[in-house]
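Below are some points that may help when looking through this structure for the first time. They are best read with the sequence and the model side by side.

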Amino acid sequence: MAGLRFAVRAYLAQGDDIATVLAKLHRLLRVDTDHQFATVLIGELDSRTGRLRLVCAGHFPPVLVSDGHAEQLDCPVAPPVGVGTAARPVVTELRLPRAGTLLAFTDGLVERRREVIDTGLDRLREAAAARDGQPIEEFIGGLMETLTAGGGKDDTVLVGMRWTG
């Protein structure tokens, strides 16, 4: 994973577009020879215009929390990095509201054994909407505490980015 993270940084530093970065990552890892794959979410935000560009490979799209509502962003999900694909990644472009919080998370936050994944995603959206307006540290900490209380066994990461208008 560290190698992929460093590759992303290098590709972006040389000026590659996020779709190009994802395509290049697919050439670094192959599940049939490396016996592993990775889910990837790359975003590019223009804070001046509120334009967000996203590309997803096997990863959940982020959740946008604004005005007491939480919704998962509509972003096509390509196969994970390392799983063969010749298709060019699709970049989704969105306009963000003047104020809000964007949440990126790993599957450990929402997946539970013997539970449909939509139940976990609903739980995240409901908890995030209910906490909207809290200071970011309380917001993220409270979400982690609430959503991991029943205890998933998988690694869990939650990253939040907030902006105000």
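**Notes on the model**

1. F60 is a buried residue, since its relative accessible area is 19% and buried means under 20%. The model is a predicted one, and this value, like the others in this note, should be read with that in mind.

2. Which ring does F60 pair with? A search of the whole structure finds 1 aromatic pair, and in it the rings of F60 and F105 have their centres 5.5 Å apart, with their planes at 20 degrees, so that the pair is stacked. F60 belongs to the loop between strand 2 (51-57) and strand 3 (63-66), whereas F105 is in strand 7 (residues 100-105), so the pair ties together parts that are 45 residues apart in sequence. F105 is buried as well, with a relative accessible area of 2%.

3. Two arginines have their charged ends placed over phenylalanine rings. The charged end of R5 sits over the ring of F6, at 5.1 Å from the ring centre, and the charged end of R162 sits over the ring of F139, at 5.2 Å from the ring centre. F139 appears again in the next point, as one of the residues of helix 5 that meet helix 4.

4. How do helix 4 and helix 5 pack? Helix 4 (residues 117-131) and helix 5 (residues 136-147) pack at an angle of about 145 degrees, and their axes are 10 Å apart; helix 4 passes helix 5 in a right-handed crossing. From helix 4, the residues R123, L124, A127, A128 and R131 take part, and they meet E138, F139, G142, L143, T146 and L147 of helix 5. Sorted by class, this contact of helix 4 with helix 5 has 6 nonpolar, 2 polar and 3 charged residues.

5. After helix 5, a reader may wish to look at D154, which is placed in the loop between helix 5 and strand 8 (158-163). With a relative accessible area of 40%, D154 is partly exposed. When neighbours within four places in sequence are left aside, D154 is in contact with D107, G108 and E111. The C-alpha atoms of D154 and T106 are separated by 9.0 Å, although these two residues are 48 residues apart along the chain.

6. Is K24, a lysine in helix 2 (residues 18-28), buried or exposed? K24 has a relative accessible area of 18% and is therefore buried, the cut-off for that term being under 20%. Apart from neighbours within four places in sequence, the residues in contact with K24 are Y11, Q14 and D16.

7. Two residues deserve a look at their backbone. H35 has a positive phi of about 60 degrees although it is not a glycine; H35 is found in the loop between helix 3 (31-34) and strand 1 (40-46), and at 67% relative accessibility H35 counts as exposed. R114, likewise not a glycine, has a positive phi of about 60 degrees. R114 is found in the loop between strand 7 and helix 4, and with a relative accessible area of 84% R114 is exposed.

Definitions and conventions:
Residues are numbered from 1 along each chain as its sequence is written. This is a predicted model: local features need pLDDT of at least 70, side-chain atom pairs count only at pLDDT 80 or more; totals for chains, interfaces and linings use all residues. Side-chain values use heavy atoms; hydrogens and water are left out. Axes are lines fitted to C-alpha atoms, for helices over the stretch in contact, and angles run from 0 to 180 degrees between N-to-C directions. Helices (H or I, at least four residues) and strands (E, at least two) are DSSP runs, numbered from the N terminus. A crossing is left-handed if the near helix is turned anticlockwise from the far one by less than a right angle, and right-handed if clockwise. Contact means heavy atoms within 4.5 Å. Ala, Val, Leu, Ile, Met, Phe, Trp, Tyr, Cys and Pro count as nonpolar, Asp, Glu, Lys and Arg as charged, and the others, Gly among them, as polar. Buried means under 20% relative accessible area, exposed over 50%, partly exposed in between (1.4 Å probe, protein chains only). Rings of Phe, Tyr and Trp (its six-membered ring) pair if their centres lie within 6.5 Å; planes under 30 degrees apart count as stacked, over 60 as edge-to-face and the rest as tilted. A charge sits over a ring if NZ of Lys or CZ of Arg is within 6 Å of the ring centre and within 35 degrees of the ring normal.
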